[in-house]
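Please look through the model below before reading on. The text then walks through its strands and its ligand site.

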Amino acid sequence: MIKLAVFASGSGSNFQAILDAVKAGMLDAEISLLVCDKPGAKVIERAAAAGINQFVFSAKDYASKSHFEAEIVGQLQARKIDLVVLAGYMRLVGDTLLSSFPSQIINIHPSLLPAFPGRDAIGQAFRAGVSVTGVTIHYVDEGMDTGPIIAQREVPVAAGDQLSDVERKIHEIEHLFYPEVLQKLARRLSLA
Ligand code: GRF
């Protein structure tokens, strides 16, 4: 069984979807750790309710990114984490973490990258008037949503859609798509 660490900063609906897929036997993996950089975030309650180990920190308590990432790397190595799963982790990953887990960090982004990287991707796409947007799962590199793409799924924007409709459709797809792609990666890693 491969070991996942999920990183999140906010609500954690994707964290929940991954956890539910594990519980339902649809994802052959274990969530060994939640890493959260926002004390008080809802995702912390979700992890606590499921009895999942957590590492919660505030960046301001550390001298620099490399200092808190060194502590995170220690936690990941101690728990023998195979894959780092970013799910709404609102920070750029730095060298300390990237160099310790090369090609083992993935992210989900709510647009069809390379279109609309960065914050508020759903709003960016909506305001641009696209008729199709979507979800991208990609490896993480030092850039903002720039790493190699693993998989994408389209989400149509209908003529009468409000921003909230598009957000709902994107999140529905994310919650199915991330566990599916993780299961493919888990199978690949456990066969390797
Ligand atoms: C998702 O839309 C994800 O694509 C983006 O951040 C959002 C996280 O939402 N990276 P949640 O915390 O999983 O509900």
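The paragraphs below take the strands in turn and end with the ligand.

This is a predicted model. A starting point is strand β1, residues 2–8, which is joined to strand β2 by seven bridges, with the two strands running parallel. Within this pairing, F7 has V35 of β2 as its bridge partner. Strand β2 covers residues 29–36, and seven of its eight residues are buried, so the strand is largely enclosed by the rest of the structure.

Further along the chain, strand β6 spans residues 132–139. Six of its eight residues are buried, which leaves the strand mostly covered. Strand β6 pairs with strand β5 and also with strand β7. Strand β5, residues 105–109, runs antiparallel to β6 and is joined to it by four bridges. One position in this pairing is H109, whose bridge partner in β6 is T136. Strand β7, residues 149–156, is likewise antiparallel to β6, and this pairing has seven bridges. Here T133 stands opposite V155 of β7.

Strand β5 also contains N107. Is this residue, N107, buried or exposed? The cut-off for buried is a relative accessible area under 20%. N107 has a relative accessibility of 9%, and therefore counts as buried. The side chain of N107 makes a polar contact of 3.4 Å with the side chain of D145.

The remaining topic is the ligand. Where does the ligand sit? The space that it takes up is the largest pocket of the model. Which residues surround the ligand? They are S11, G12, S13, N14, G88, I108, P110, H171 and E174. Two helices, α1 (13–23) and α6 (163–191), each supply at least two residues of this shell.

Backbone atoms of three of the surrounding residues can be followed in detail. In G12, a backbone N or O atom lies 2.8 Å from an oxygen atom of the ligand. For N14, a backbone N or O atom is likewise placed 2.8 Å from a ligand oxygen atom. At I108, a polar backbone atom is 3.0 Å from a nitrogen atom of the ligand. On its own, the ligand has 370 Å² of accessible area, and the protein covers 84% of this.

Technical notes
Residues are numbered from 1 along each chain as its sequence is written. This is a predicted model: local features need pLDDT of at least 70, side-chain atom pairs count only at pLDDT 80 or more; totals for chains, interfaces and linings use all residues. Side-chain values use heavy atoms; hydrogens and water are left out. Buried means under 20% relative accessible area, exposed over 50%, partly exposed in between (1.4 Å probe, protein chains only). Two strands pair if DSSP finds at least two bridges between them. A residue is near a molecule or strand if one of its heavy atoms lies within 4 Å of it. A polar contact is a pair of N or O atoms within 3.5 Å; within protein, one must be able to donate a hydrogen and the other to accept it, and residues adjacent in sequence count only if both atoms are side-chain atoms. Accessible areas come from the Shrake-Rupley method with a 1.4 Å probe; for residues, only the protein chains shown count as cover. On a 1 Å grid over the protein atoms alone, a cavity is a set of points where a 1.4 Å probe fits but cannot get out, and a pocket is an open set with protein on both sides within 12 Å along at least five of seven lines; lining residues have an atom within 4 Å of a point. A molecule sits in a cavity or pocket if more than half of its atoms lie within 2 Å of its grid points.
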